[in-house]
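These are my notebook entries on a single protein chain. I set down what I looked up, entry by entry.

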Amino acid sequence: MNTTDTTRAEVETLLARDAWLLDTWQLDEWLTLFTPDARYEVPSTDRPDGDPVQSLYLVDDDYRQLCFRVKRFNLPQGHAEQPHSRTQRLVTNVLLHGEQAGVLRATAAFLIARTRHGVQDQFVGRYELALARQGGELRFQRRRALLAMPGLRPVGTVGIII
């Protein structure tokens, strides 16, 4: 993949689709946005640059684990998100950072408003992305969500996909 072949608009479209699929709880379709060797990471708020091997991560999933996470969210007895939270994601400030070995690096800022049991929480941060083509389509090879929050309070937990 050449970065000259991939425009910022194409990355923005991928991120908009990602947000829409998550906000509408179309999680099985959301999984199609990932490559089979993908990683999904959410580091802890106190060590955002930590290594997942040596630091506590809120989420550190390979594609198989991510599929299992989605399966649990889709189960009626998956109590962490039953009933589902209502979310609205805003993604902005998309920047391309170059391509190496067929993988495009990009970043974007996000704000996620979540309403659950009448309480609204906000998650703020940035995505660090590694994107690759699969079947001609841009896909996440790595989707890392860095929360720009001092902690999870008053939110408490990350029961949704960030």
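**Entry 1: the chain as a whole**

I began with the surface: the protein chain has an accessible surface of about 8700 Å², and 51% of this belongs to carbon and sulfur atoms. I note at the outset that the model is predicted. Of the 162 residues in the chain, 44% count as buried. I then listed the secondary structure and found three helices and six strands. Their order along the sequence is α-α-β-β-α-β-β-β-β. I also looked up the range of the contacts: among those with a separation of 6 or more, 59% are between residues 24 or more positions apart.

**Entry 2: strand β4 and its two partners**

I asked how many bridges join β3 to β4. Strand β3 covers residues 86-100 and strand β4 residues 103-116; the two run antiparallel and eleven bridges join them. In this pairing, Leu95 stands opposite Thr107 of β4. The two strands form a hairpin with two residues between them, and Ala101 in the turn has a positive phi of about 55 degrees.

On to the next pair. Strands β4 and β5 are also antiparallel, with 13 bridges between them. Here I located Ala108 opposite Tyr127 in β5. This pair, too, is a hairpin with two residues between the strands, and His117 in its turn has a positive phi of about 55 degrees.

I then checked whether β4 is enclosed or open. Ten of its 14 residues are buried, so β4 is largely enclosed by the rest of the structure.

I looked up Gly118 as well, which sits in the loop between β4 and β5. Because its relative accessibility is 73%, and the cut-off for exposed is over 50%, Gly118 counts as exposed. Its C-alpha atom is 9.8 Å from that of Ser85, although the two residues are 33 residues apart along the chain.

**Entry 3: the nonpolar core**

Which residues have the most contacts inside the largest nonpolar core? I found a core of 35 residues, in which Val11, Trp30, Phe110, Leu131, Phe140, Ile161 and Ile162 have the most contacts. The elements giving two or more residues to this core are α1 (8-23), α2 (27-31), β1 (34-43), α3 (63-74), β4, β5 (119-134) and β6 (137-147).

I followed Ile162 further. Setting aside neighbours within four places in sequence, I found Ile162 in contact with Tyr40, Val42, Phe110, Ile112, Phe123, Tyr127, Arg143, Ala145 and Leu147.

**Entry 4: salt bridges**

I counted the salt bridges next and recorded 13 in the structure. I looked at three of these pairs in turn.

The side chains of Arg8 and Glu12 meet at 3.2 Å, N to O. Because they are four residues apart in helix α1, about one helical turn separates them. Arg8 counts as partly exposed, with a relative accessibility of 47%. Glu12 is partly exposed as well, at 33%.

The second pair is Asp60 with Arg39, whose closest N and O atoms are 2.7 Å apart. This pair links distant parts of the chain: Asp60 lies in strand β2 (residues 57-62) and Arg39 in strand β1, 21 residues apart. Asp60 is partly exposed at 26% relative accessibility, and Arg39 is partly exposed at 29%.

The third pair is Glu41 with Arg144, with closest N and O atoms 3.2 Å apart. Glu41 belongs to strand β1 and Arg144 to strand β6, so the salt bridge ties together parts that are 103 residues apart in sequence. I asked whether these two are buried or exposed. Glu41 is buried, with a relative accessible area of 4%, and Arg144 is buried at 5%. Through shared partners, salt bridges join Arg39, Glu41, Asp60, Arg126, Glu128, Arg142 and Arg144 into one network.

**Entry 5: a buried arginine without a salt bridge**

I closed with Arg139, which lies in strand β6. This residue is buried yet has no salt bridge. The nearest side chain of opposite charge is that of Glu137, 4.7 Å away, whereas a salt bridge requires the nitrogen and oxygen to lie within 4 Å. What does Arg139 touch, not counting residues up to four places away in sequence? I listed Thr32, Leu33, Phe34, Thr35, Ala130, Leu131, Ala132 and Gln134.

Key:
Residues numbered from 1 in each chain as written. Predicted model: local features only at pLDDT ≥ 70, side-chain atom pairs only at ≥ 80, totals over all residues. Heavy atoms only, no water. Pairing = 2+ DSSP bridges. Core = buried A, V, L, I, M, F, W, Y, C linked by side-chain atoms within 4.5 Å. Buried < 20%, exposed > 50% of the residue type's maximum accessible area, 1.4 Å probe, protein only. Contact = heavy atoms within 4.5 Å. Lys, Arg positive; Asp, Glu negative; His and termini not counted. Areas by Shrake-Rupley, 256 points an atom, 1.4 Å probe, with all protein chains shown as cover.
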